[in-house]
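Open the model in your viewer and keep the sequence panel beside it. The tour goes from one selection to the next and says what is found at each stop.

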Amino acid sequence: MSARGPLERVLADADSTERLGAALARALPPGGMQPVIVSLHGQLGAGKTTLVRGLLRELGVSGAVRSPSYTLLETYDCADRRVLHLDLYRLAGSADVAGLGLRDELLPGVLLLVEWPERAAGSLPAADLEIWLFAPAEGRIARLQAEGPTGQAWLDVLGNQE
């Protein structure tokens, strides 16, 4: 885990949540020898899919970006990487993750975005970046925490974009 503290952003509305996703896409580390894994935390309606939509739009996805709540997994082939958007809310437990076939998908350069990662405790590789979205009475707050060198490099670039 990183020795640095989390990076926080106040998000006034859905548009600012999408802009944070776009900024994350611009700061995304180049594809390496391992997949890059992001865990997205927050209650229903906190903005997890909205953030993913902004990230995917910045990576060049022009079609519909839906929450994979019912399909569990949506895949996107972008110019220089494959993105997997996973929503585990409907899973009964971590044993259900094996049936998704992720093991064959987690290749170098893949970006895995996981909503409700706590439902797969121990079934997925450790996240490089943890993102918590909180929805107080007005707006949202995003807290981003690096969980290793890849995540820290990502946050360093994101912090320098400001």
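Start with helix 1, residues 14-27, and helix 4, residues 149-160. Helix 1 passes helix 4 in a right-handed crossing. Their axes come within 9 Å and cross at roughly 115°. To see the contact itself, show the side chains of Leu20, Ala23, Leu24 and Ala27 in helix 1, which meet Trp154, Val157 and Leu158 in helix 4. The residues of this contact are 7 nonpolar, with no polar and no charged ones. A general point helps with reading any helix: an α-helix has 3.6 residues a turn, so residues three or four places apart point the same way.

**The whole chain**

Now zoom out. This is a predicted model. Colour the chain by secondary structure and you will find 4 helices and 7 strands. Read from the N terminus, the elements follow the order β-α-β-α-β-β-α-β-β-β-α. Of the 162 residues in the chain, 49% count as buried. Take the contacts between residues at least 6 apart in sequence: 68% of them join residues at least 24 apart.

**The sheet**

Select the strands. They form an open sheet of 7 strands in the order 1-7-6-2-5-4-3, and the pairing is mixed. Which strands sit at the edges? They are strand 1, residues 7-11, and strand 3, each of which pairs on one side only. From one strand to the next, the twist averages 15°.

Go to the edge formed by strand 1. Strand 1 pairs with strand 7, residues 140-146, in the antiparallel sense over 5 bridges. Find Glu8, which stands opposite Arg143 in strand 7.

Then move to strand 3, residues 73-77. Strand 3 has two faces: Glu74 and Tyr76 are on the covered one, while Leu73, Thr75 and Asp77 are on the uncovered one. Its partner is strand 4, residues 82-87, which runs antiparallel to strand 3 and is joined to it by 5 bridges. Within this pair, Thr75 stands opposite Leu84 in strand 4. The link between strand 3 and strand 4 is a hairpin of 4 residues.

**Helices on the sheet**

Select helix 2, residues 48-58. Helix 2 packs on the sheet and touches strand 2, strand 3, strand 4, strand 5 and strand 6. The direction of helix 2 makes about 165° with that of strand 5. How many of the residues of helix 2 are buried? The count is 8 of 11, and helix 2 is mostly covered. The buried residues are Lys48, Thr49, Thr50, Leu51, Val52, Gly54, Leu55 and Leu56. Among the elements that cover them are helix 1, strand 2 (36-41), strand 5 (111-115) and strand 6 (129-134). After helix 2, click on Gly60, whose phi is positive, near 105°.

Return to helix 4, which lies across strand 1, strand 2, strand 5, strand 6 and strand 7. Helix 4 runs at about 130° to strand 7.

**Salt bridges**

Side chains of opposite charge can pair when their charged atoms come close. The structure holds 4 salt bridges, and the tour visits some of them.

Select Arg53 and Glu18, which form a salt bridge with their closest N and O atoms 3.9 Å apart. Arg53 is in helix 2 and Glu18 in helix 1, so this pair ties together parts that are 35 residues apart in sequence. Arg53 is partly exposed, at 24% relative accessible area, and Glu18 is also partly exposed, at 25%.

Next, select Arg26 and Glu58; the closest N and O atoms of this salt bridge are 3.6 Å apart. Arg26 lies in helix 1 and Glu58 in helix 2, so the pair ties together parts that are 32 residues apart in sequence. Arg26 is partly exposed, with a relative accessible area of 48%, and Glu58 is partly exposed, with 39%.

The last stop is the salt bridge between Asp77 and Arg82, whose closest N and O atoms are 2.9 Å apart. Is Asp77 buried or exposed? At 61% relative accessibility, Asp77 counts as exposed, whereas Arg82, at 26%, counts as partly exposed. You have met Asp77 before, on the uncovered face of strand 3.

Terms used:
Residues are numbered from 1 along each chain as its sequence is written. This is a predicted model: local features need pLDDT of at least 70, side-chain atom pairs count only at pLDDT 80 or more; totals for chains, interfaces and linings use all residues. Side-chain values use heavy atoms; hydrogens and water are left out. Axes are lines fitted to C-alpha atoms, for helices over the stretch in contact, and angles run from 0 to 180 degrees between N-to-C directions. A crossing is left-handed if the near helix is turned anticlockwise from the far one by less than a right angle, and right-handed if clockwise. Contact means heavy atoms within 4.5 Å. Ala, Val, Leu, Ile, Met, Phe, Trp, Tyr, Cys and Pro count as nonpolar, Asp, Glu, Lys and Arg as charged, and the others, Gly among them, as polar. Buried means under 20% relative accessible area, exposed over 50%, partly exposed in between (1.4 Å probe, protein chains only). Two strands pair if DSSP finds at least two bridges between them. A salt bridge is a side-chain nitrogen of Lys or Arg within 4 Å of a carboxyl oxygen of Asp or Glu.
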